[in-house]
Amino acid sequence: GAEGWFAIPNWKKNPDIFGTTYSAALQKVLATVKRARKGKFYNYCEGQIDDRQLRQSARTEKFFADLTLEQGDPDILIVPAQFGLRHRGRSVRRALEVMIDLGNEFGLGAFATGIMLLTHPERLMNYNDLSVDSAGDEFDDPDSDARFDHYPYWNFNGDKVKFDANHVSNANENYGSTSGFASKSLFVRKSAKL
């Protein structure tokens, strides 16, 4: 299911660059995307990216911890991943169910997805490009009745890359969840422990 290997910084190992929290690391990526797109970027979640409103899912956090350990705690993690086509048209809720059924697949958060957009600038250049859901994150919309029932997403609209959050049950054929895959050796070791 992976479309290739992606280089994702190990933000926890580099707090001088990325800060000490996931939300601080994501804010660095958002600022870098804005610079890379020469200001053609809009963040609808401005002022809401903090540890109270945004977190990695426990599953995604665990997979990244395992990958970090397996790869020897490098500065850059090499992650087999896909940019959303595999889960096109599925809600994030359904995409996560499919990932759990597969076992070695996990949702990528906005940090990893943002890095993928930076290293693959040809993505999100046109209105018709597949928008990407960051299924590995959970976002707490202050206007929602339920806690952490939203997720961040990236799209291209109005000549800009845009970053926002949506409800996990929202399905749209123009969107797909990004995901990573545990290596076979890691998956085999984890399965043996079960």
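This section describes a sheet with its packed helices, a nonpolar surface patch, selected salt bridges and two residues with positive phi in a predicted model.

An open sheet of 4 strands is present, with the strand order 1-4-11-5 and antiparallel pairing. Its edges are formed by strand 1 (4-9) and strand 5 (105-107), each of which pairs on one side only. On average, and with direction ignored, neighbouring strands of this sheet are turned by 45° against each other. The pairing of strand 5 with strand 11 (residues 179-181) is antiparallel and extends over 3 bridges. Within this pairing, phenylalanine 106 is placed opposite glycine 180 of strand 11. Two helices pack on the sheet. Helix 3 (residues 58-70) touches strand 1, strand 4 and strand 5, and its direction makes about 120° with that of strand 5. Helix 4 (residues 92-102) touches strand 5 and strand 11, and the corresponding angle with the direction of strand 5 is about 155°.

A nonpolar patch of about 340 Å² on the surface is made by Trp5, Ile76 and Ile78. Of these residues, isoleucine 78 belongs to strand 4 (residues 76-82). The relative accessible area of isoleucine 78 is 38%, and this residue is therefore classed as partly exposed, since that class covers values between 20% and 50%.

The structure contains 10 salt bridges. Side chains of opposite charge can pair when their charged atoms come close. Two of the helices described above provide examples within a single helix. In helix 3, aspartate 66 is bridged to lysine 62, with 2.9 Å between the closest N and O atoms. The two residues are separated by about one helical turn, because they stand 4 residues apart in helix 3. Aspartate 66 is buried, at a relative accessible area of 11%, whereas lysine 62 is partly exposed, at 44%. In helix 4, the side chains of glutamate 97 and arginine 94 form a salt bridge with an N to O distance of 3.1 Å. Glutamate 97 and arginine 94 are 3 residues apart in this helix, or about one turn. Glutamate 97 is partly exposed, with a relative accessible area of 39%, and arginine 94 is likewise partly exposed, with a value of 40%.

A further salt bridge joins aspartate 140 to arginine 147, and the closest N and O atoms of this pair are 2.7 Å apart. Aspartate 140 is buried, its relative accessibility being 10%, while arginine 147 is exposed, with a relative accessible area of 58%.

Backbone geometry was also examined. Most residues other than glycine have a negative phi. Leucine 124, a residue other than glycine, has a positive phi near 55°. Leucine 124 is located in the loop between helix 5 (110-119) and strand 6 (131-133). With a relative accessibility of 3%, leucine 124 is buried. A positive phi, near 65°, is also found for aspartate 159. This aspartate occupies the loop that lies between strand 8 (150-157) and strand 9 (160-167). Aspartate 159 is partly exposed, at 44% relative accessibility.

Key
Residues numbered from 1 in each chain as written. Predicted model: local features only at pLDDT ≥ 70, side-chain atom pairs only at ≥ 80, totals over all residues. Heavy atoms only, no water. Patch = residues over 30% accessible without salt bridge, like charges linked within 9 Å, V, L, I, M, F, W, Y side chains within 5 Å. Areas by Shrake-Rupley, 256 points an atom, 1.4 Å probe, with all protein chains shown as cover. Salt bridge = Lys/Arg side-chain N within 4 Å of Asp/Glu carboxyl O. Buried < 20%, exposed > 50% of the residue type's maximum accessible area, 1.4 Å probe, protein only. Pairing = 2+ DSSP bridges. Axes fitted to C-alpha atoms, helices over the stretch in contact; angles between N-to-C directions. Contact = heavy atoms within 4.5 Å.
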